[in-house]
Amino acid sequence: MKRQLAALAAGVAIVVTAACGGHAGVTPAPAGGSTPGNSSPAAFEWGQAQLRDAVYVGPATVQHLQVYALVRQQNAAGLIQYAQQVSDPSSPVYRHFLTPQEIGQRFGASHNDYQKAAAYFVSQGLSVAGWPQHLALSVSGTQAAMEHAFGTKFGLYQKNGLTFVAPIGTPRVSATVPLVAVTNLVALHQEHSYLVLPPRANVGSTLAYSPQQVRNAFDYSGAYSRGFNGTGITIGIIGTGPLNISRSSLCPASDKDLAAVRALYNNATAATVCEVDVTPSGVAAGLQISGIPSAAPASPNPSASPIPAPSQSPTSMFPFSGNFQSPPPVTNGDCTGTLPACNPEDGEAQLDVQQSALLAPGATVDFYLAYNSNDCYVFFPNSCATPPPGSKSGNYGAPQIGLVESDPEIEQAIADNKADVVSISYGLGEPQEVGGGFNSAGVGFEPEEFAALATEGIAVFVSSGDSGAAECLGANGYLAQPCVSWPSGDVNVTSVGGVNAPINEFGQLTGNITAWGVTNGGSGVGSGSWSGTGGGTSTIFAAPSWQHTAVNATMREQPDVALLADPYTGVTLTVNTGLTGSKTLPSGPTGIGGTSVAAPEMAAMWALVLQACKATPACQTGPSAHPYRLGNAAPYLYSIYHGSGLVPSASFSPHLPYADVFYDVLYGSNAMCPATAKPGVCGTPIPGQNAMTGYDQTTGVGVPYAGHLIQAVTGQVVP
Amino acid sequence: MATAVLIAAALAACGGGGGGGGSTPPVPTPTPGHTATPTPAPTLDPYGCVGSTPSSVMRRPMVVYPTAAGDAFSYSGTLSDTFAQSAPCPQPTATNDATVRVNVSEASTAPPAGATDSTSVESDAYSKQTTTITTRQTLVSSSTALLLYTTSSSDAIGNTITTAYAAPQTLDVLPANSGATWSNQPAASISEHLADGTSISRTVKNDGSYTDTENFPGASPATISVDGLASGKPLDGGGSYALGAATFTYAPPKSGNITVTITTGTTSKTRTFPSWFTVPSSYITDAFVDNGPQSFDANCPTAGAISAAGDHQVVETYQVLDPVLGYKETRITTSYVVDGFGAACVKIDDTLNSYYDYQNDTTKIDYQSQNGQPNSMDHLVEYLGMTSPTSPYPALRTQSVRAVTPQAVAQALAAIAHTRAVQHAQRLRELHSYALHIAHMGATK
């Protein structure tokens, strides 16, 4: 392990040099001062690769910064490996799920390292939050304190139309501080939601598919008829922004938009929704400590909150909570201004909640949201207001508050270990995450987060993206190059692509299910936008064994499975109920598409599977506290696809053949027209993948039907 | 239980009472569109029974009387749904197969007097899921005809469609007679309450023209008017769809082309495309013929004691042309009626050709055929074979006045009718959505 880290550090130094020398037109100020900590500097991954092609535009005066520090792990590679084994029926540790504490003890940072890193940042006047899995620390504080802690000034840069903060010099800390990487020092957030507005969205109507139609189209209704509606299962949503809820009660939360869409559709049943805020108390709950102040100090004073002695319990070592706060109520449908006065509801968040809640009506939906009023610096310096010249507005780069804080939301979900299924509907081009969540070798704290979720037995479903074969975005839309999305391509999640499915009011098919792409519904009439299901081959991550065996993949291919996404048919989303100032989405119901629809639909379907597993003694065999959990869903989907021969183990054998569970999509492509092409005039397309018999990189193994998926996995007969 | 049924049946058959089966069947008023040429009814014995002793030899023409409360029939078979798309992007042809079970039960109801409330539950088990549609029909039978007054169907998610016919529909002419032909006129009031809160009211006239009002949740009401209605003029093949500020006006075919004018406010634009139909005398036709004894279709799933040949082959041809929603449907139902059993085998062949795309079948909303040929075709073929009763009713019901009617044929049809009705509703939804878009963007966008 030490050898590996040393090699990584050496590689980092080279990259840093190259990156800093590659700042086009940059004349940065010199790196500030000596190495903090009065020791030889330590090299760590800090996101320098993301500065490639960025333009320095001047010094930053953002006042507040927040980063994530990946502390030296005891066995990071072991965590990744364990996560895959725990979902592999042929492994001796199959379904031996771990608690967050066990993850921390076996794979995460050691108690001493975690405490040492935290102590360093606290000594620098920064605020720290941690979680029992000991993967990363959330570190926040003033710009001055951060600059001092990392020995560099920060400047403003522009790239791909985004203005962001990044170090001017090479960040460094004492070698005694056991850091492997620090993300968000380069605060270039290119993640974006995967929802697509249909051309009719702006008129407001309920003319997209109703929940009743979707339920019958993919046989959720068949599962309901057997009592499998998600009861007893918790679905976690990694929030991209605030919901329009009453703040007086977070669990159950009074979601005004969910109530509105239910009322529209004959009081359709829906899951109980709870909002789980990453707040001081939330972090405290994750750490299983009490007595934490309800609000974190704006400028924590180390002397007033001394670092606990090493002898203290590791769960009580962090009296700080970062600068996470309880979110204020949403104020607008959309707005420009500063937080908290301008706190628009997030359509993506509401979409994820509605789809999962309406399709798993017996489940509980835990909506994770981390809120930090200082986050606006990420987009536009110190404000959510008008972006600087050259910045893009709209969904790409808009202030989606929760999306910026998705990492602490995931950390909190790991720490809570309560959600059985997690849905994520955002991402960015895989190469564009290099230097952020992972390095060019795919090593970093974000893959560890997903590994931790899988190690707890949690199934994670992630949208595969909406830009077809070209998921890397530039200043003028997606780039004309093959590119897959992250984190849908992580080896410990299930990637969910999108289809067009023509159905009637009963949800019966009236035509072929096709891959969602520019040849069938991917072009946004009137909007000039092109869209299609994300899919392709990773250039970084090797194929996991279950995918290699089933489809002979050498590098990770995605998506793994597909559900509704085409905005032309769309599903109904209700947002901004009672709010004014709407710009992007109208108040009330509207149609919506994108793989942001498909991921929560799949999460809801898997919740039904887990409920059935819970009710099946032969399935509920996991030796953990969650014996009904199955870990990552993808290996099971590929096992069904491949038949019983995929996993040579008696632990799991599909109870139904592939053709009885999945619709094999045979038509469609995710080739993309150039981003600048006008509607109906494609020009030379960016090559993509075609749907075909069996697995393909547009719809994976196909479109699942809930009832038979339950039967295939658990043996519970659903007609 | 079987003994009780036998006794009850026998009592009902010959005792003139019990279960309503012995009451005198109502004699319906002749249907306006009824062009049957029935043979004379046989002479009844003093007890109103047909035949005095059970016989293994079925007499022709058979006399069919209504079923009664408590009667039950079962069918099983297959359903194959094939979808083909040639434009704008040719797609691979796909087939979705299912096994089908239909259970029919009878109960008394009123009004009309003497009516039977016939409920059928059809379950279609596809490889990936099972769907269920329940249909209730109000039927009245006499010695001369089996008549359908209303049909109500609902599916598992709560879409309910109710049709009340202006004049009863003749499902069969009694006694069965080879060579008989008859037809029905389609005038009806149709009420659709969909699971998502949508309500649609439609009035159909005898020439198949119709007007309807649609109320989609959260949207303004809209209307469709397919010509020939209000003015009573002959059909000319046109129609309109109106939603507030947006109107789609479909001109009759002219010089081989159809022109649709889309108007928002004072702005209009037109689209012209090849004609795909000639103006019919009626947009909806429903015709029957009794072809007499015929061997079963080779795919008929027959069972047990039921012979492989029908004493009567009754063929219904039902056709719909919708010039606004842009489709033609042809449904041919072939029933093999066996004495003592009724409709022992049924084949339903339903083809829906779509020339416009208001359901994203081609994934290009409002895409009109560019060559007069359908953009897509949805072809349903269903075979149903009777599985119970397994013995001829006359053998079970000594001297029974009752035998099995072919009404289960209509029941089986109703499930497909429901499927097509909710498909029609989905097209309306898409057209409505498109009209909203046009209204918002302006017709010239």
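## Exercises on a predicted two-chain model

An open sheet in chain A has 4 strands, ordered E4-E5-E3-E9, and the pairing is antiparallel. This is a predicted model, where local features need pLDDT of at least 70, side-chain atom pairs count only at pLDDT 80 or more, and totals for chains, interfaces and linings use all residues. Residues are numbered from 1 along each chain as its sequence is written, while chains are lettered from A and ligands numbered from 1 in the order in which they are written.

**Exercise 1.** Work out which strands are the edge strands of this sheet, and how E3(A) is joined to E5(A).

*Solution.*
- Start with the terms: strands (E, at least two residues) and helices (H or I, at least four) are DSSP runs numbered from the N terminus. Two strands pair if DSSP finds at least two bridges between them.
- E4 (127-130) and E9 (179-183) of chain A each pair on one side only, which makes them the edge strands.
- On average, neighbouring strands here are turned by 25 degrees against each other, direction ignored.
- Now zoom in: E3 (64-71) and E5 (136-142) of chain A run antiparallel and are joined by 7 bridges. Across from Tyr68(A) you'll find Ser138(A) in E5(A).

**Exercise 2.** Describe how H8(A) and H10(A) cross, and say which residues make the contact.

*Solution.*
- Get the geometry: the axes of H8 (256-264) and H10 (347-359) of chain A come within 10 Å and cross at roughly 50 degrees. Axes are lines fitted to C-alpha atoms, for helices over the stretch in contact, with angles from 0 to 180 degrees between N-to-C directions.
- Classify it: under 35 degrees is roughly parallel, over 145 roughly antiparallel, 65 to 115 roughly perpendicular, and the rest oblique. H8(A) and H10(A) are therefore oblique to each other.
- List the players: H8(A) brings Asp257(A), Leu258(A) and Val261(A), and H10(A) brings Gln350(A), Val353(A), Gln354(A) and Ala357(A). Contact here means C-beta atoms, placed from the backbone, within 7 Å.
- Sort them: 4 are nonpolar, 2 polar and 1 charged. Nonpolar covers Ala, Val, Leu, Ile, Met, Phe, Trp, Tyr, Cys and Pro; charged covers Asp, Glu, Lys and Arg; the others, Gly among them, are polar.

**Exercise 3.** Is Gly457(A) buried or exposed, and what is it in contact with?

*Solution.*
- Locate it: Gly457(A) sits in the loop between H14 (445-455) and E18 (459-463) of chain A.
- Apply the cut-offs: buried means 20 or more other C-beta atoms, placed from the backbone, within 10 Å of the residue's own, exposed means 12 or fewer, and partly exposed is in between. Gly457(A) has 25 such neighbours inside 10 Å, so it counts as buried.
- Ignoring neighbours within four places in sequence, the contacts of Gly457(A) include Arg95(A), Phe97(A), His626(A) and Arg629(A).
- For chain A overall, 67% of the 719 residues are buried.
- H12 (406-416) of chain A is mostly covered too, with 10 of its 11 residues buried. Right after H12(A) comes Asn417(A), with a positive phi near 50 degrees.

**Exercise 4.** How many residues does each chain give to the contact, and which element of chain B gives the most?

*Solution.*
- Count: 47 residues come from chain A and 46 from chain B.
- Rank: H3(B) gives the most to the side of chain B that touches chain A, at 12 residues.
- Break that side down by class: 17 nonpolar, 22 polar and 7 charged.

Terms used. Contact = placed C-beta atoms within 7 Å.
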